[in-house]
There are 2 protein chains.
Amino acid sequence: MTSDKDPTRAHREPPRRPPGETGRPAAVAQAGPGAAPPPDAPGTSDESSTPGTSAAPPTAPPAAPRTTSRDVARAAGVSQAAVSLVLGDKWRGRVSPAKAEAVRAAARDLGYRPNLAARNLRMGRTRTVLLVVPALTTEFYARVYTGAARVAADHGFGVVLYPSPEGIGPARDPFASAAATLDGVLASSMAADALTALRTAGLPLVMLDSDPDDERATATVNLDIAGGVRQLAAHLLGLGHRHLAHLAADVDSWTFALRARTLGAALDEAPGAVLRREPAELSVAAGLHAAHTVLTGPGPRPTALLCDDDILAAGALKAARRLGLRVPEDVSVTGFDDLALAVAVEPELTTVRLPAEEFGEAGMRALLAVLDGGPAAVPALPVELVARGSTAPPAGAGIPSRTGNAARPGGR
Amino acid sequence: MTSDKDPTRAHREPPRRPPGETGRPAAVAQAGPGAAPPPDAPGTSDESSTPGTSAAPPTAPPAAPRTTSRDVARAAGVSQAAVSLVLGDKWRGRVSPAKAEAVRAAARDLGYRPNLAARNLRMGRTRTVLLVVPALTTEFYARVYTGAARVAADHGFGVVLYPSPEGIGPARDPFASAAATLDGVLASSMAADALTALRTAGLPLVMLDSDPDDERATATVNLDIAGGVRQLAAHLLGLGHRHLAHLAADVDSWTFALRARTLGAALDEAPGAVLRREPAELSVAAGLHAAHTVLTGPGPRPTALLCDDDILAAGALKAARRLGLRVPEDVSVTGFDDLALAVAVEPELTTVRLPAEEFGEAGMRALLAVLDGGPAAVPALPVELVARGSTAPPAGAGIPSRTGNAARPGGR
DNA sequence: CGCCGCACGTTATACGTAACACGTCCGGCT
DNA sequence: AGCCGGACGTGTTACGTATAACGTGCGGCG
């Protein structure tokens, strides 16, 4: 007997579903009996009129009673435990091949799908990790996601993506209780402030693009941002530029701080080089404004603008054009990241290509390693300078060094 | 007596916890006694060298034994059920205010977080919905997400974002069993092919930007794309353009098909208007190529290029420049969507602004309505023509209609 | 005076799965 | 002959939560 017949199940179970199956449960469920009153169901007051869309087909799917492993067991003539073993692929010497096949057939016929909620509860693990990214810059992190998701999938993990709040205040932290639903977290340091609740839950946390000494992280994975900045500096110095301006992202983030620091250090070593820093938010408009400020400010006009981001560089391009300056003849402009934008503008941007997908892959590998208990050691990923049309020797320069393209820094 | 003392629990329960409470359960929990051997811990064989980052701090977080509602009950001197009632805010006449407060205090002191996996299993609902978007275009859907997540949060729901596969083949459908983890799905029709498994699970599905008659959807929510296209056509016709070219997104999608259809219809009504269609993938390079083809093709050169997307328009701008054509003097270019890119290029794009956040909000509201059992009726959201510098009367035009800016289509 | 119902709680399940701890044959070894 | 151990399974339990069902005293009403 398969225990499903047991008499102890005297008590009736709760009403499985609200009665309505097709008809009209509409209004009642709305501000229902006692069901968790929606904190406030304001709806921003859009009185809907003229229904332009939507349709409820005749057949309203009436809450299919999911088939459980016990159903499969019954159909295959075995115990529920056997089903679990077979479908879990650990039946080596525990179930006869014949019955195993019967189980698989029954599962297939019934369209059995294991209930993940139950499995998660039982196992205490979910094979799901969270990827937290800043909301601001989407293309780069979209690619990071792609790489991370690929690696995760290869290991049987799913990835939940969370573009960190902005409209959604941290007040309403969506992960207050999510620890039971997640095995680990991969997060950009730029979105780290959204992580307070997750930290306290003690989840493994691998941080991207963050200070290796960050106390919050179990491990960190980085791009070789400093190397990219040095390549950029060498490129411009090699072209003969000495008056530079840095359009610095006005974001409190480790990476951007590192860029500023590295750039400063690189120019300190170059005799006669001067650098002006101008902060700007990460938008085209802000880049335009900052570049305008720098190009029209007092003192000698910079001959090259290093922008922390391709978006800023696009703004700088516009500023130059409005001032009647040609790029790159009158002023050089560089970006960072190598987004699609970099080749959409005219001239195309000299920039630093960040291997976004590889970054995501490396981060996910590190996280999975941590979940396996091993320490995750990951070298900083190399980046690459991509010289395009937005940089050239400055107007007054002789023949700088004989190479117009100093992609290789040459003498250290 | 607080139920933890009950005699009926005669059977020995398995070792409740590995003995350690503070000391060292670390390794044991890892690949513990019999605990689920990791299916395969390959690590994809990247022999890590030169650890550039990562660090395992001295204290390895030893799998914190989560505090349960029973722990809270014990601390507060009540039963577990009472804890559930109090924290679930349904203790109106069931628990004395004093005890209720004690429960809340205990929960706070112990840092209790309800186990979502258990709650989900018990309730059969997760208060979580999935948002499926195409991987290609990120900025637009990032904004859709923002709107959707805001509405969801206001109703106590979480949103899981899934940029539909590409690198991740549909073969490895991440949602094969996720039905138990999700209450519903909001999906762009462009990503609908990733939904096979979800459909079969019978989850409520609200589709964005899709054919209202789509059988797969429980409901649909749309932008007034057709209206936008008509505004665009009226704008260009009003400026005097008669030779138009349509750079059509080479994507099999309802929205794009609708754009083509509507544009054709609009021009059919305009005497003397001719339209050429050129398909292109959604990238700058493809837009460049398609525009080049159209501008250098046989017959009279089009004076206006309607692009299905700002990205394509950026490519068209580049093509015109390379051919020595000025925009908008020699050729007008329009985009669609009004992405950040639209104002990053020179000249800035005349385009159709899609209210992405409102779109996400409307979609989520519709989905939540469906989950509440009500039919979701949503009017198509209005869109807005944004006239910028990339459009002007064609070279040979007299004085088109006296207004250079036909933002208001005039006669319907 | 008897009993209803309210205020206040507690007990007992069940959700669906994974896996531990037992059983039962049966062939083979000492 | 005794019995060990492998093959083949099944029974049972627990994961942590939400809630239906079941008790209690106690004040008031008929």
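This report describes a helix, several aromatic rings, a strand residue and a DNA-facing surface in a predicted model.

## Helix α8 of chain B

Helix α8 of chain B covers residues 225–239. At 1.5 Å a residue, its 15 residues should span 21 Å, and the C-alpha atoms at its ends are 21 Å apart, so the expected and computed lengths agree. Immediately after the helix, Gly240(B) adopts a positive phi of about 110°.

The helix is mostly covered, with 12 of its 15 residues buried. Among the buried residues are Ile225(B), Val229(B), Leu232(B), Leu236(B) and Leu239(B); the list also includes Gln231(B) and His235(B). The buried residues pack against helix α9 (254–268) and against strands β8 (304–307), β9 (332–334), β10 (351–353) and β11 (384–386), which belong to chain B.

## Aromatic pairs

Over all chains, the structure contains 4 aromatic pairs. One of them joins Phe140(A) and Phe359(A), whose ring centres lie 6.4 Å apart with 40° between the planes, a tilted arrangement. This pair connects distant parts of the chain: Phe140(A) belongs to helix α6 (residues 138–154) of chain A, Phe359(A) belongs to helix α12 (residues 356–371) of chain A, and the two are 219 residues apart. Both Phe140(A) and Phe359(A) are buried.

In chain B, the rings of Phe140(B) and Tyr141(B) have centres 5.0 Å apart and planes at 85°; the pair is therefore edge-to-face. Phe140(B) counts as buried because its relative accessibility is 4%, under the 20% limit. Tyr141(B) is likewise buried, with a relative accessible area of 3%. In chain A, ring pairs link Phe140(A), Tyr141(A) and Phe359(A) into a cluster.

## Arginine over phenylalanine

Two arginine residues are placed over phenylalanine rings. In chain A, Arg259(A) lies over the face of Phe336(A), 4.2 Å from the ring centre. In chain B, the charged end of Arg259(B) sits over the ring of Phe336(B), 4.2 Å from its centre.

## Surroundings of Val159(B)

Val159(B) is located in strand β2 (residues 158–163) of chain B. Its relative accessibility is 12%, so Val159(B) counts as buried.

Leaving aside residues up to four places away in sequence, Val159(B) touches Val129(B), Leu131(B), Tyr145(B), Ala148(B), Ala149(B), Ala152(B) and Met364(B). The C-alpha atom of Val159(B) is separated by 9.9 Å from that of Thr146(B), which is 13 residues away along the chain.

## Surface near DNA strand C

DNA strand C is surrounded by 31 residues, of which the closest are Ser69(A), Tyr112(A), Arg119(A), Arg122(A) and Ser96(B). Among the atoms of DNA strand C within 4 Å of the protein, 62% belong to sugar or phosphate, and the rest belong to bases.

Residues from chains A and B approach phosphate oxygens of this strand. A polar side-chain atom of Arg119(A) lies 2.6 Å from a phosphate oxygen of DNA strand C, and an N or O atom in the side chain of Ser79(B) is 2.9 Å from a phosphate oxygen. For Asn115(A), a polar backbone atom is 3.3 Å from a phosphate oxygen of DNA strand C. The elements that contribute two or more residues to the surface near this strand are α3 (80–87) and α5 (116–123) of chain A, together with α3 (80–87) and α5 (116–123) of chain B. Helix α5(A) gives the most, with 4 residues.

Key: Residues numbered from 1 in each chain as written. Chains lettered and ligands numbered in written order. Predicted model: local features only at pLDDT ≥ 70, side-chain atom pairs only at ≥ 80, totals over all residues. Heavy atoms only, no water. Expected span 1.5 Å × (residues − 1). Buried < 20%, exposed > 50% of the residue type's maximum accessible area, 1.4 Å probe, protein only. Contact = heavy atoms within 4.5 Å. Phe/Tyr/Trp six-rings, centres within 6.5 Å; stacked < 30°, edge-to-face > 60°. Lys NZ or Arg CZ within 6 Å of the ring centre and 35° of its normal. Near = heavy atom within 4 Å. Polar contact = N/O pair within 3.5 Å; in protein donor to acceptor, adjacent residues only side chain to side chain.
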